[in-house]
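Thank you all for coming; please have a look at the structure on the screen, and I will then walk through a few of its residues one by one.

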Amino acid sequence: MKNNVTITLTAIVLIGAATFYFVTFFAYIPSDKFSGSPVPKNAQLVKENERLDMYDWSKASEENGIPSGYKLATKSKGWQEKNRERASTYYEKGNKKLI
């Protein structure tokens, strides 16, 4: 009985970890234009030019900020959070900046 409980709990933890990993890292695509910065797959491109790509993403808001999964994805790609100002979060990677 004790062995079955251990196996079940281990399976639940592994499934949860795998789900978290896939949701966190496969929900974003790297931007070729902006040093591999992660772009949410379900974000809508609103404005584009040579120095800017602006997206509308329902999961990010002024009230709730940026989801923790996005923060983890940016950090794993080498971006460091430098500052937050109202609804904007500023990241840096070398001499590149991401808002």
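Threonine 74 counts as buried, because its relative accessibility is 1%, where buried means under 20% relative accessible area, exposed means over 50%, and partly exposed lies in between, with a 1.4 Å probe and protein chains only. I should say early that this is a predicted model, in which local features need pLDDT of at least 70 and side-chain atom pairs count only at pLDDT 80 or more, while totals for chains, interfaces and linings use all residues. Residues are numbered from 1 along each chain as its sequence is written, and side-chain values use heavy atoms, with hydrogens and water left out.

Threonine 74 sits in helix H2, residues 68-76; helices (H or I, at least four residues) and strands (E, at least two) are DSSP runs, numbered from the N terminus. The side chain of threonine 74 reaches the backbone oxygen of lysine 71 at 2.8 Å. If we set aside the neighbours within four places in sequence, threonine 74 is in contact (heavy atoms within 4.5 Å) with Pro38, Trp79 and Tyr91.

Now, is isoleucine 12 buried or exposed? Isoleucine 12, which belongs to helix H1, residues 2-25, is exposed, because its relative accessible area is 52%.

My last residue is alanine 87, found in the loop between strand E5 (80-85) and strand E6 (88-93), and at 48% relative accessibility alanine 87 counts as partly exposed. Between alanine 87 and serine 31 there are 21 Å in space, C-alpha to C-alpha, and the two are 56 residues apart in sequence.

Key:
A polar contact is a pair of N or O atoms within 3.5 Å; within protein, one must be able to donate a hydrogen and the other to accept it, and residues adjacent in sequence count only if both atoms are side-chain atoms.
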